[in-house]
Amino acid sequence: MDRIADLFADFGAEFGLSRPAGKCLGTIWRADTTPCADDLTASLGLSRSNVSTALKELRAWGLISVVRHPGDRKEYFAAPDDPWELVLLLVAARRQRVIVPALERLLRIEARRADVRALPLHDVVTQLDRWLSAMGHLSPSAFARAIAVPIDDNHRKKKKKKKN
């Protein structure tokens, strides 16, 4: 089994992708040449319908694009080479699927009744939405710089020296 595909399946599942979509994304991302659905079916051991559904999901999330080869009627698939761009796309898609609907629900709750706890929660989710939206407008390199946390050597675990 392909370890990158499994890693992407696990990682993608944390963001809300199906496991087959994660496996397909990992395989497309690491491929030297753009694979077609038949290539993905053969390399991953998934059914053709599973691969087709996964590809549809990945396109809906904006994580892959369709590439055409001259003289070939098949669709081939490509993913961004830059892992930062890939993470940025995942974050933006997750925002659209989780944060935006949560805000809409909070607005409906607030409109129905004056819940003293709903307003502060709405403020927090709104701030999160604004931050995620701002991150989504950055270039991949600017996004990488924006979320970078300096490594503090003082907090790294130090190896203890053995006494003779």
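**Entry 1: the 10/19 pair**

I started at arginine 19, which comes out partly exposed, with a relative accessible area of 40%. Its salt-bridge partner is aspartate 10, and I get 2.5 Å between the closest N and O atoms. Aspartate 10 is partly exposed too, at 41% relative accessibility. I should jot down now that this is a predicted model.

**Entry 2: confidence**

How far does the predictor trust this thing? The mean pLDDT of the protein is 89, and 91% of its residues reach 70 or more. I then looked at where confidence peaks and dips: helix 4 (residues 48-60) is highest at 97, while helix 5 is lowest, at a mean of 89.

**Entry 3: more salt bridges**

How many salt bridges turn up in the whole structure? My search gave seven. Reminder to self: side chains of opposite charge can pair when their charged atoms come close.

I picked out arginine 48 and aspartate 38, whose side chains meet in a salt bridge at 3.4 Å, N to O. This pair ties together distant parts of the chain, with aspartate 38 sitting in helix 3 (residues 37-44) and arginine 48 in helix 4, ten residues apart. On the burial scale, arginine 48 is partly exposed because its relative accessible area, 43%, falls between the 20% and 50% limits. Aspartate 38 also counts as partly exposed, at 37%.

Next I checked arginine 68 and glutamate 75, another salt bridge, with the closest N and O atoms 3.4 Å apart. Arginine 68 is exposed, with a relative accessible area of 52%, whereas glutamate 75 is partly exposed at 29%. Which residues do shared partners join into one network? I found Asp38, Arg48 and Lys74 linked that way by salt bridges.

**Entry 4: inside helix 4**

Back to helix 4, this time for leucine 58. Buried or exposed? Leucine 58 is buried, since its relative accessible area is 0% and the cut-off for buried is under 20%. I also took a C-alpha distance here: leucine 58 and leucine 25 are 33 residues apart along the chain, yet their C-alpha atoms are separated by 7.4 Å.

**Entry 5: strand 1**

I moved on to valine 66, which lies in strand 1 (residues 65-68). Valine 66 is partly exposed, with 33% relative accessible area. Its C-alpha is 5.7 Å from that of tyrosine 76, and the two residues are ten apart in sequence.

**Entry 6: surface patches**

Which residues make the positive patch on the surface? I list Arg105, Arg108, Arg112 and Arg113. I looked up arginine 112 in particular: its place is in helix 5 (residues 83-112). Arginine 112 counts as exposed because its relative accessibility is 66%, and exposed starts over 50%.

There is a nonpolar patch on the surface as well, formed by Trp84, Leu128, Trp131 and Ile147. Together these have about 360 Å² of accessible area. From that group I followed up tryptophan 131, which sits in helix 6 (residues 118-136). Tryptophan 131 is partly exposed, at 43% relative accessibility.

Key: Residues numbered from 1 in each chain as written. Predicted model: local features only at pLDDT ≥ 70, side-chain atom pairs only at ≥ 80, totals over all residues. Heavy atoms only, no water. Patch = residues over 30% accessible without salt bridge, like charges linked within 9 Å, V, L, I, M, F, W, Y side chains within 5 Å. Areas by Shrake-Rupley, 256 points an atom, 1.4 Å probe, with all protein chains shown as cover. Salt bridge = Lys/Arg side-chain N within 4 Å of Asp/Glu carboxyl O. Lys, Arg positive; Asp, Glu negative; His and termini not counted. Charge placed at Lys NZ, Arg CZ, Asp CG, Glu CD. Helix = DSSP H or I, 4+ residues; strand = E, 2+ residues; numbered from the N terminus. Buried < 20%, exposed > 50% of the residue type's maximum accessible area, 1.4 Å probe, protein only. pLDDT = per-residue confidence, 0-100.
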